[in-house]
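Have a look at the chain below and keep it in view. Two short exercises follow, each with a solution worked in steps.

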Amino acid sequence: MGENEMSVFGVPEAEEEIYRHFLRNPGTRTDDLHLLLHSRPGETRARITRLQEMGLLHTEDAERRIFPADPEVALARLVDVRLAALHRELQRVTRSRHVIDGLRAEQGARTPHPQGIEQLEGLAQIRNRIDDLAFFARDEILSVEPYARLSAENIARSRPLDLRCLRRGVRIRNVVSSTALKDPPTAAYLRELAEHGAAIRVTPDTTERLLVYDRRAALVPLDPRDTARGALLAHRSGLVSNIISLFERIWDQADDLSRAVGDAESGEAAAAPRPSGIERRVLVSMCTVGKDEAGARELGVSVRTYRRHVADLLQTLGAASRAQAALLARERGWI
């Protein structure tokens, strides 16, 4: 454990130094500890008290000698405490939608949208608003997205948002183009979402693009063929209802993802890409060996060649990290 690594658990550097002292010198007294730590006696006593409250230190005998708690046990307890605090903070944040609604009401008082429509300009503004709407979604997200494939960057950006919504119990219904199933990384991502509870259907002939959040806000592009031109965000209930009706018609005519994937796999199994021998060995090495130098040495190739294979595999799998690549490779039965 490096210096000040315990700060992530809420343990300041000065208190971590005291805990480390007792790990090295268990059962010692604290009379002259402040001299060793170059601090005032009162500060040292207060820090020891906090460490005892956190369960990192304890007194065992009448001489009030101090002993450290076992690091594994103590840090497991601190992890639980930290996660509980983060969970409470997340709950507080997700319940703060009324703050944004109030601020937007103030914005509306200055720049009203009499027809219940906002125009968003540029991909950056659209993405920021999508992130906002997804973060505060409580019940349901509906979408129709006729993309042919998702880039590794798009998948890396969308995955945490989508999975977080699903973990919070938000229902996701998504219609995508059947063409997307021909791209292995995109198909793998869609299957991953379905495994986590998303309802996904596939259609061969839609050009519509739309997103609906909690049946209260609907986002549609100004030009479905060029999303960079901007988008319209509708808040008015009548407009949103019409967009939801369009979604339901598309949804009813689409096929379930599992059936569409089964058909695609049965028709294209022979053409499905498979890793070469060296690529499979690199995948195994990525899962078992820490450093590139060690992996290259194990495979008998140069570090440069090893890293090139890793980069190619990340691109082929549509993965944003080595850990994700290993997961996707296991799902495909490559390793």
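**Exercise 1: two helices that cross**

Helix 11 crosses helix 14 in a left-handed way (left-handed: the near helix is turned anticlockwise from the far one by less than a right angle; right-handed: clockwise). This is a predicted model, where local features need pLDDT of at least 70, side-chain atom pairs count only at pLDDT 80 or more, and totals for chains, interfaces and linings use all residues. Residues are numbered from 1 along each chain as its sequence is written, and side-chain values use heavy atoms, leaving out hydrogens and water.

Task: work out which residues make the contact of helix 11 with helix 14.

Step 1. Go to helix 11 and pick out L283, M286 and C287.

Step 2. On helix 14, the partners are R322, A325, A326, A329 and R330 (contact: heavy atoms within 4.5 Å).

Step 3. Sort the contact residues: six are nonpolar, none polar and two charged (nonpolar: Ala, Val, Leu, Ile, Met, Phe, Trp, Tyr, Cys and Pro; charged: Asp, Glu, Lys and Arg; polar: the others, Gly among them).

**Exercise 2: the two sides of a helix**

Task: find which residues of helix 12 (residues 292-299) are buried.

Step 1. Pick out D292, G295, A296 and L299, which are buried (buried: under 20% relative accessible area; exposed: over 50%; partly exposed: in between; 1.4 Å probe, protein chains only).

Step 2. Why one side? These residues span an arc of only 100° around the axis, so they sit on the same side of helix 12.

Step 3. Turn to the other side, where R297 and E298 are exposed.

Step 4. Look for the cover over the buried residues: it includes helix 11 (277-288), helix 13 (303-317) and helix 14 (322-331).

Key: Helix = DSSP H or I, 4+ residues; strand = E, 2+ residues; numbered from the N terminus. Arc of directions from axis to C-beta.
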